[in-house]
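Q: I'd like a close look at one part of this model, and then at how that part fits in with the rest. Please take me through it at an easy pace.

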Amino acid sequence: MEDEPQFQQRLDKLTEAVVYLVWGSRSDPNFGEPKLVKLLYYADCAAYRRFGAPMTGTTYLHYPHGPYPSDWYKSKRAMQAAGDVQVRQEDVIGVHRVYRQHRWIAKRSARSEVLSAAERAILDEQLLRFADFNAAGMEEYSHQELGWLSTEDGEPIPYCMAGLSDAPLSDDELCEAERIAADVARKRTAV
């Protein structure tokens, strides 16, 4: 397998995607930072499958709670400093405990000149696809993806595995997943 293509993150696209998703989730009681980053991940994966490149160019890393943007805190600070978003901490009463949620608030609407209609459609698809999910549900869902399963903590999740899950796979998907996993293992042992 050839090396995974490297993409340059576009902070303008990332910012507009965040603003778009935050605005679209303003009435979702389950919407906090963990759900936001997974919506971004799935939107970038969908763009990669359709267009051959992720929407934002972001690299996502394997973390215990699922995929996470590699430079998330730097990007988050830049969005807050620019006045694009505000992040509030709220205590939320869960089934078994009270937990702290980082609630994102869009301070403006997304700029349509930065996100194409096709990109906005992908973001809308993810909002609809995961509308009934909370952070734990999205975490569990992401843990069934081969990209997450084939990597270890801190490693980049390859876009070539975007959308492949451990659910029943077609023969072609299974062959491709086995080939990719063998290549990842080979590279890991070569280091």
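A: Let's go with α4: its buried residues pack against α1 and α2. Contact here means heavy atoms within 4.5 Å, and buried means under 20% relative accessible area, with exposed over 50% and partly exposed in between (1.4 Å probe, protein chains only). Helices (H or I, at least four residues) and strands (E, at least two) are DSSP runs, numbered from the N terminus. Bear in mind that this is a predicted model, where local features need pLDDT of at least 70 and side-chain atom pairs count only at pLDDT 80 or more, while totals for chains, interfaces and linings use all residues. Residues are numbered from 1 along each chain as its sequence is written, and side-chain values use heavy atoms, with hydrogens and water left out.

Now for the helix itself. α4 has 13 residues and runs 18 Å from its first C-alpha to its last, close to the 18 Å expected at 1.5 Å a residue; that expected span is 1.5 Å times one less than the number of residues in the helix. Its buried residues are Glu119, Ile122, Leu123, Gln126 and Leu127. Look down the axis of α4 and these fall within an arc of 140 degrees, so they line one face of the helix. The arc is that of the directions from the helix axis to the C-beta atoms. Ala117 and Leu128 are exposed, on the face of α4 turned away from the buried side.

Leu123 is the one to zoom in on. Leaving aside residues up to four places away in sequence, Leu123 touches Ala17, Tyr20, Leu21, Ala43, Met55 and Leu115. It's also one of the residues that touch the most other members of the largest nonpolar core, along with Val18, Leu36, Leu40, Met55, Trp72 and Trp104. That core has 37 residues; a nonpolar core is a set of buried Ala, Val, Leu, Ile, Met, Phe, Trp, Tyr and Cys residues joined through side-chain atoms within 4.5 Å. Two or more of its residues come from each of α1 (11-24), α2 (33-51), α3 (72-81), β4 (98-106) and α4 (117-129). The top contributor is α2, with 11 residues.

Next, the two packing partners of α4. In α1, 10 of the 14 residues are buried, so this helix is largely enclosed by the rest of the structure. Among them are Ala17, Val18, Tyr20 and Leu21. The buried residues of α1 pack against α2, α3, β3 (85-93), β4 and α4. Like α4, α1 can be checked for its span: the helix reaches 20 Å from first C-alpha to last, close to the 20 Å expected at 1.5 Å a residue.

Over in α2 you'll find Lys35. Lys35 is buried, with a relative accessible area of 2%. Beyond residues up to four places away in sequence, Lys35 touches Asp28, Asn30, Phe130, Ala131, Phe133 and Met138. Lys35 and Glu139 are 104 residues apart along the chain, yet their C-alpha atoms are separated by 8.4 Å.

Two of those contacts of Lys35, Phe130 and Phe133, are worth a look of their own. Their ring centres are 5.0 Å apart and their planes are at 80 degrees, so the pair is edge-to-face. Rings of Phe, Tyr and Trp (its six-membered ring) pair if their centres lie within 6.5 Å; planes under 30 degrees apart count as stacked, over 60 as edge-to-face and the rest as tilted. Phe130 counts as buried at 1% relative accessibility, whereas Phe133 is partly exposed at 24%. Both belong to one aromatic cluster, together with Phe7, Tyr41, Tyr42, Tyr48, Tyr60, Tyr141 and Tyr159. Across the whole structure, a search finds 14 aromatic pairs.

Finally, step back to see where the helix sits. The protein has seven helices and four strands, in the order α-α-β-β-α-β-β-α-α-α-α along the sequence. Of its 191 residues, 42% count as buried. Among contacts with a separation of 6 or more, 65% join residues 24 or more positions apart. About 10,200 Å² is exposed, and carbon and sulfur atoms supply 53% of that; accessible areas come from the Shrake-Rupley method with a 1.4 Å probe, and for residues only the protein chains shown count as cover.
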